[in-house]
Amino acid sequence: MPLDQLTRTFAALADPTRRAILERLAEGEATVNELAEPFSISVQAVSKHLKVLERAELITRGRSAQLRPSRLQGTALKDAAGWLEQYRPFWHDSFDRLGERLQADEEDSGD
């Protein structure tokens, strides 16, 4: 069964190393070696993470001489944010009810 784009996006974002790589790429393009610097994992492991991010269309990888700089690709993130946005009313309602409950509990304990 083929994975849809949203599933690939969230699967890629599930890993903290990949999220850190995306944070770094938000600052500008970088090579595999540059991306591997802050991690205690091999360049090959970072390269595997980049392949996952590329398949999820979260990054693109160019070719400049022998280097393959990676850069952030925003469309998949925008689509994921749009999907999450539909749940904003639920969050607001839930937080409002929680706030009301906490305020009522505080008032009851203050008597």
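Here are legends for a set of close-up views of this predicted model.

**View 1. A nonpolar patch on the surface.**
Nine side chains come together here: Phe10, Trp83, Leu84, Tyr87, Phe90, Trp91, Phe95, Leu98 and Leu102 make up a nonpolar patch on the surface. Taken together, these residues have about 900 Å² of accessible area. Two helices, helix 5 (75–85) and helix 6 (88–109), each supply at least two of the patch residues. Helix 6 gives the largest share, with five residues. Trp91 is one of the patch members and sits in helix 6. With a relative accessible area of 35%, Trp91 counts as partly exposed.

**View 2. Phe10 meets Trp83.**
Now for the aromatic rings, where the model has two aromatic pairs. In the pair shown here, the ring centres of Phe10 and Trp83 are 5.7 Å apart and the ring planes stand at 65°, so this one is edge-to-face. Phe10 belongs to helix 1 (residues 5–13) and Trp83 to helix 5, so the pair ties together parts of the chain that are 73 residues apart in sequence. Phe10 is partly exposed at 31% relative accessible area, and Trp83 is partly exposed too, at 37%. Pull back a little and Tyr87 comes in: Phe10, Trp83 and Tyr87 form one aromatic cluster. These three residues also appear in the nonpolar patch of the previous view.

**View 3. Inside the largest nonpolar core.**
This view goes to the largest nonpolar core, a set of 16 residues. The residues with the most contacts inside the core are Ile21, Leu35, Val46, Leu50, Leu53 and Leu58. Helix 1, helix 2 (16–25), helix 3 (32–36) and helix 4 (43–55) are the elements that give two or more residues to this core. Leu35 makes a handy centre for the picture. Setting aside neighbours within four places in sequence, Leu35 is in contact with Ile21, Arg24, Leu25, Ala30, Val46, Leu50 and Ser70. Among these partners, Ile21, Val46 and Leu50 are also on the list of residues with the most contacts inside the core.

**View 4. The backbone at Glu57.**
Have a look at the loop between helix 4 and strand 1 (59–61), which is where Glu57 is found. Phi of Glu57 is near 60°, a positive value in a residue other than glycine. Glu57 has a relative accessible area of 44%, so it counts as partly exposed.

**View 5. Arg71 and Glu29 in a salt bridge.**
The model has two salt bridges, and this view takes the one between the side chains of Arg71 and Glu29, with an N to O distance of 2.7 Å. The pair links distant parts of the chain, 42 residues apart: Arg71 is in strand 2 (residues 70–72), while Glu29 is in the loop between helix 2 and helix 3. Both partners are partly exposed, Arg71 with a relative accessible area of 32% and Glu29 with 43%.

**View 6. Arg88 and Glu85 in a salt bridge.**
Here Arg88 forms a salt bridge with Glu85, and the closest N and O atoms are 2.5 Å apart. Arg88 counts as partly exposed at 37% relative accessibility. Glu85 is likewise partly exposed, with a relative accessible area of 39%.

**View 7. From Asp4 to Asp108.**
The last view frames two residues that are 104 residues apart along the chain, Asp4 and Asp108. Their C-alpha atoms are separated by 50 Å. Asp4 is placed in the segment before helix 1. At 45% relative accessibility, Asp4 counts as partly exposed.

How values were computed. Residues are numbered from 1 along each chain as its sequence is written. This is a predicted model: local features need pLDDT of at least 70, side-chain atom pairs count only at pLDDT 80 or more; totals for chains, interfaces and linings use all residues. Side-chain values use heavy atoms; hydrogens and water are left out. Patches are made of residues with over 30% relative accessible area and no salt bridge: like charges are joined within 9 Å, nonpolar side chains (Val, Leu, Ile, Met, Phe, Trp, Tyr) within 5 Å. Accessible areas come from the Shrake-Rupley method with a 1.4 Å probe; for residues, only the protein chains shown count as cover. A salt bridge is a side-chain nitrogen of Lys or Arg within 4 Å of a carboxyl oxygen of Asp or Glu. Helices (H or I, at least four residues) and strands (E, at least two) are DSSP runs, numbered from the N terminus. Buried means under 20% relative accessible area, exposed over 50%, partly exposed in between (1.4 Å probe, protein chains only). Rings of Phe, Tyr and Trp (its six-membered ring) pair if their centres lie within 6.5 Å; planes under 30 degrees apart count as stacked, over 60 as edge-to-face and the rest as tilted. A nonpolar core is a set of buried Ala, Val, Leu, Ile, Met, Phe, Trp, Tyr and Cys residues joined through side-chain atoms within 4.5 Å. Contact means heavy atoms within 4.5 Å.
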